[in-house]
Amino acid sequence: MARSLRVAPEYIEKVKSALRRNSYPSLQKFAEDVNPSLSTVKNFFGGIGIDYENFREICEKLGLDWQEIAHKEPETQPPKPQSTNGEPSPFITGAPITQPRYFFGREKELKRLFNLLKRHPLQNAVIIGKKRSGKTSLLHYLKNITTTPAQQLRPEQKSDWLRHPENYRWIFVDLQDARMQSRENLLKYILESLKLQVPTPCDLDRFMDVVSNNLHSPTVILLDEIGVGLQRCPELDDGFWESLRSLATNHTGGNLAFILATPESPLELAKSTGHSSPFFNIFGYTAYLGALTQIEARELITSSPIPFIDEDVDWILTQSCCWPLLLQILCREKLFNLEEGENNDNWREEGLQQMKPFC
Ligand SMILES: Nc1ncnc2c1ncn2[C@@H]1O[C@H](COP(=O)(O)OP(=O)(O)OP(=O)(O)O)[C@@H](O)[C@H]1O
Ligand SMILES: [Mg+2]
């Protein structure tokens, strides 16, 4: 996927005023001074994604910090159902699922997790699953499912998990993202996502003040790859984690919860990396991600725009052991085979080959 960035909505005004500050009377005049074309420049100012290099160049020319103003969330899948006529496959292999309609199963985990979030005080949870088991996809799903319009979901897809989903705020933090590994950037990002004022400097004390004085609606912070935060981010030290714990437990009236995703137990990880933080003791529920159930796996398979025969469905179920990524790979191969009009079993061999690195 090409790397593209867009200006975060809350920074659009700032980039426009940077244009005026730099004495450009129009976008056209500005485009004459930079490599990116006028249409790219227009997209930049309109908050539409543009190529990473162009984004950086425009920011540099305007004297803006590109990391600060870039929208921080990945947008990897089309928001609406796509037909199969030359359009992207409904089977997504590799990138986390960000659009709910492509997400299958995890009913049990969703029920438990939303149960912790639907009442006061909101409660914290951990999602543990081995590599490629679907942790990041589940975090995105939690964040998006309750507010995605019905026409962008599959028929029968449950979305009424919360009574007032419009009141909830969700913040997705990927600790593998280098920008999130700086304490100040991370605190700023949380405040910006909550549309709260960012103090200068944005240190822990000021962050705590702003959040505890202003956070009045249910808020869930989703921390993906927490292990990276513990192992590789010296700025995210015990003091940092203790402050987060204190916020959640004492200063936000039960309105703040954390959901962590990790391949290993965060408590063990904290111990083994020399962290003493009691932050990791406030997680009362752990969801362990295994394979999908047979029913869930069948639902994924039958989402194929061209139906598979029973024998192929059974073969896919057996070979994938119902692991979502493996199901996606085998379904992709089978669908490709059907779309190409090939009437043979070559896709099976290809599928097994493609699955190998993930088994
Ligand atoms: N619930 C799901 N429904 C459909 N496909 C899924 C689901 N969960 C995971 N997948 C498939 O598995 C792949 C990996 O998912 P994801 O990136 O969420 O896993 P992960 O556990 O976060 O991986 P990593 O350990 O590498 O961070 C996705 O590209 C998708 O093909
Ligand atoms: Mg992940």
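Start by selecting residues 103-259, the stretch that an unreviewed UniProt entry lists as "domain: Orc1-like AAA ATPase". Keep in mind that you're looking at a predicted model. Color this span by secondary structure: 41% of it is helix and 14% is strand. Then put a distance between the C-alpha atoms at its two ends, and you should get 19 Å.

**Ligand 1**

Next, click on ligand 1 and bring up the residues around it. There are 22 of them, and the ones that come nearest are Ile-92, Ala-95, Lys-135, Ser-137 and Gln-328. Color that shell by class and you'll find 10 nonpolar, seven polar and five charged residues.

Now zoom in on the oxygen atoms of the ligand. Pick the side chain of Lys-135, where an N or O atom sits 2.7 Å from a ligand oxygen. Over at Gly-94, the backbone does the job: one of its polar atoms is 2.8 Å from an oxygen of ligand 1. Ser-133 also uses a backbone N or O atom, at 3.1 Å from a ligand oxygen. Switch on a surface here: on its own the ligand has 630 Å² of accessible area, and the protein covers 96% of that. For the elements involved, select helix 7 and helix 15 (324-339), which each give two or more residues to the shell.

Zoom out a bit and color domain 2 (100-289) and domain 3 (294-358) separately. Both give residues to the shell, so ligand 1 lies between them.

**Two cis prolines**

Go to Pro-121, in the loop between helix 6 (107-117) and strand 3 (124-129). Show the backbone: the peptide bond joining His-120 to Pro-121 is cis, with omega at about -10°.

Then jump to Pro-201, which you'll find in the loop from helix 8 (183-193) to helix 9 (204-214). Here the cis bond is the one between Thr-200 and Pro-201, again with an omega of about -10°.

**Two positive phi values**

Select Ser-23, in the loop that links helix 1 (12-21) and helix 2 (27-32). This residue isn't a glycine, yet its phi is positive, near 60°. Is Ser-23 buried or exposed? Its relative accessible area is 60%, and the cut-off for exposed is over 50%, so Ser-23 is exposed.

Last stop: Glu-156, in the loop between helix 7 (135-145) and strand 4 (169-174). Glu-156 is another non-glycine residue with a positive phi, this one near 75°. Turn on the surface again and look for the side chain, as Glu-156 counts as exposed at 80% relative accessibility.

How values were computed: Residues numbered from 1 in each chain as written. Chains lettered and ligands numbered in written order. Predicted model: local features only at pLDDT ≥ 70, side-chain atom pairs only at ≥ 80, totals over all residues. Heavy atoms only, no water. Helix = DSSP H or I, 4+ residues; strand = E, 2+ residues; numbered from the N terminus. Buried < 20%, exposed > 50% of the residue type's maximum accessible area, 1.4 Å probe, protein only. UniProt positions renumbered as here; feature names shortened; annotations may be inferred. Near = heavy atom within 4 Å. Polar contact = N/O pair within 3.5 Å; in protein donor to acceptor, adjacent residues only side chain to side chain. Areas by Shrake-Rupley, 256 points an atom, 1.4 Å probe, with all protein chains shown as cover. Nonpolar A, V, L, I, M, F, W, Y, C, P; charged D, E, K, R; others polar. Domains from an automatic or database assignment.
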